[in-house]
Amino acid sequence: MKRQTLAFVALVITILYGAGFAAFDTSQAYAALGGAIVAISWIAVGVFGRNTPRESHRPFDN
């Protein structure tokens, strides 16, 4: 999957996690579980994200 897409999804998860503290009465379990989900989402960006190949300007690199 494209790294940009995964990074966008991880960013949305992070923002929703942060907004959850303001919107809901939080507990320590929410903080631990949410923190783990945010960490896993950013790890997935690094592990499963694929960079799009750049086009070469040199003809012999194709």
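Contact here means that heavy atoms lie within 4.5 Å of each other. The model is predicted, so local features need pLDDT of at least 70 and side-chain atom pairs count only at pLDDT 80 or more, while totals for chains, interfaces and linings use all residues. Residues are numbered from 1 along each chain as its sequence is written, and side-chain values use heavy atoms, with hydrogens and water left out.

**Exercise 1. State how many helices and strands the chain has, and how much of the chain is buried.**

Solution. Helices (H or I, at least four residues) and strands (E, at least two) are taken as DSSP runs, numbered from the N terminus. By that rule the chain has two helices and zero strands. A residue is buried under 20% relative accessible area, exposed over 50%, and partly exposed in between, with a 1.4 Å probe and protein chains only. Of the 62 residues in the chain, 16% are buried.

**Exercise 2. Describe how H1 and H2 pack.**

Solution. Two packed helices are described by the angle between their axes and the distance between the axes. The axes are lines fitted to C-alpha atoms, for helices over the stretch in contact, and angles run from 0 to 180 degrees between N-to-C directions. Helix H2 covers residues 28-48, and H1 packs against it at an angle of about 170°, with the axes 9 Å apart. This makes H1 roughly antiparallel to H2, the word used for angles over 145 degrees. Residues on the H1 side of the contact include Leu6, Ala10 and Tyr17, and those on the H2 side include Gly35, Ser41 and Val45.

**Exercise 3. For valine 45, find whether the residue is buried or exposed, and which residues it touches beyond four places in sequence.**

Solution. Valine 45 belongs to helix H2 and, with a relative accessible area of 8%, is buried. Leaving aside neighbours within four places in sequence, valine 45 is in contact with Arg3, Leu6, Ala7 and Ala10. The C-alpha atoms of valine 45 and phenylalanine 8 are separated by 9.3 Å, although these residues are 37 residues apart along the chain.

**Exercise 4. Set serine 41 beside glycine 35 and work out the state and contacts of each.**

Solution. Begin with serine 41, which is found in helix H2 and counts as buried at 12% relative accessibility. Apart from neighbours within four places in sequence, serine 41 is in contact with Ala10 and Ile13. Turn next to glycine 35, also a residue of helix H2, which counts as partly exposed at 29% relative accessibility. Not counting residues up to four places away in sequence, glycine 35 touches Tyr17 and Tyr30. The C-alpha atoms of glycine 35 and tyrosine 17 are separated by 8.0 Å, with their positions 18 residues apart along the chain.

**Exercise 5. Locate valine 9 and give its exposure.**

Solution. Valine 9 sits in helix H1, which spans residues 3-23. With a relative accessible area of 42%, valine 9 is partly exposed.

Methods
Parallel < 35°, antiparallel > 145°, perpendicular 65-115°, else oblique.
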